[in-house]
Amino acid sequence: MSEKITSKKFQKMKRQGKKIVMLTSYDYPTAKILEDCGIEAILVGDSLGNTILGYKNTLPVTMEEMIHHTKAVTRATGSVLVIADMPFKSYQIDVESAVQNASRFVKEGKAEAVKVEGGREVIGQVRAIRDAGVPVMGHLGLTPQKILQFGSYKPRGMEAKGAKEIIEDALKLEKAGVFSVVLESIPKELAKIITEKLDIPTIGIGAGPHCDGQVLVLHDMLGLSEFRAKFVKRYTDLKSSIEESVKNFLKDVRKGKFPAEEHTYEMGEEELDKLKDCLKLGDADISTSENA
Ligand code: KIV
């Protein structure tokens, strides 16, 4: 197994100028592939609401759904840092429930860190979760759990006033003890200022090249989601590959081309004779030739 990545290692990587690579995963097989590829971190994002559960946004995602998927990811991994996203209303209500829910991710999901969205309004929760022994990642800029308040998925911090607030929030989060912060959909100039001001690493998604690391939603970069945004680079088109394979399967089955000989089990002659005797069948009754 490769070296274990911890939240402390994240900070060391920033000091060494090494880029941190994070992707989302919600299941065993993709988590295994991602770890084998050598990325540093997996985020079990609440984006699973849109990407795999078919919700309109991330707001309906529950703790039970998040823990279910976090368990699948941690069963597959050993060396990457697994960060579980705290879903809407699992931490905003009060500090006690925030600590309780963060602890469930560690105890039941075997996650090694949690992520919360927001700045000044969640400082109490960040501090309490961190004090309870759970490393916390922050998330600023376009925070999808505020979609009803924002009204759209447009970038944030494009104007000086909003940008200044995001900088202040980043500093407050660092002071409260987050080990890293995701910056989503903000201009590159703002991301650069924040990255230079903070000792902890920034992980960008739609925040330009100056962040200490980058994250993408796996389903977006593999071409498996409908989501379109300027910052998503599609590295492949898995939707088309899947469609092509399914259509070929459909054709093969309908034409009797599948299963072929190599996909089929065959009984030995001796056992087949015994079966025929036992069932009092003739050769014609059990002929498997095409013309039978
Ligand atoms: O839920 C998620 O996948 C995220 C990423 C967009 C950072 O929060």
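**Figure 1. S47, D85 and K115 meet the ligand through polar contacts.** A polar side-chain atom of S47 sits 2.6 Å from a ligand oxygen atom. The protein covers 96% of the 260 Å² of accessible area that the ligand has on its own. Such areas come from the Shrake-Rupley method with a 1.4 Å probe; for residues, only the protein chains shown count as cover. For D85, a side-chain N or O atom is 3.1 Å from an oxygen atom of the ligand. For K115, the corresponding distance is 3.0 Å. A polar contact is a pair of N or O atoms within 3.5 Å. The model is predicted: local features need pLDDT of at least 70, side-chain atom pairs count only at pLDDT 80 or more, and totals for chains, interfaces and linings use all residues. Residues are numbered from 1 along each chain as its sequence is written, and side-chain values use heavy atoms, without hydrogens and water.

**Figure 2. Residues surrounding the ligand.** Among them are T24, L43, G45, D46, H139, V182, E184, I205 and V217. S47, D85 and K115 also belong to this set. Each has a heavy atom within 4 Å of the ligand.

**Figure 3. H69 in helix α4.** The helix spans residues 63-76. Helices are DSSP runs (H or I, at least four residues), numbered from the N terminus. H69 counts as buried because its relative accessibility is 12%; buried means under 20% relative accessible area (1.4 Å probe, protein chains only). Beyond its neighbours within four places in sequence, H69 contacts Y26, V44, L48, I52 and L53. Contact means heavy atoms within 4.5 Å.

**Figure 4. Domain 1 and domain 2.** Domain 1 covers 7-237 and domain 2 covers 242-286. Their C-alpha centres lie 50 Å apart. The bounds come from an automatic or database domain assignment.

Definitions and conventions: Helices (H or I, at least four residues) and strands (E, at least two) are DSSP runs, numbered from the N terminus. Buried means under 20% relative accessible area, exposed over 50%, partly exposed in between (1.4 Å probe, protein chains only). A polar contact is a pair of N or O atoms within 3.5 Å; within protein, one must be able to donate a hydrogen and the other to accept it, and residues adjacent in sequence count only if both atoms are side-chain atoms.
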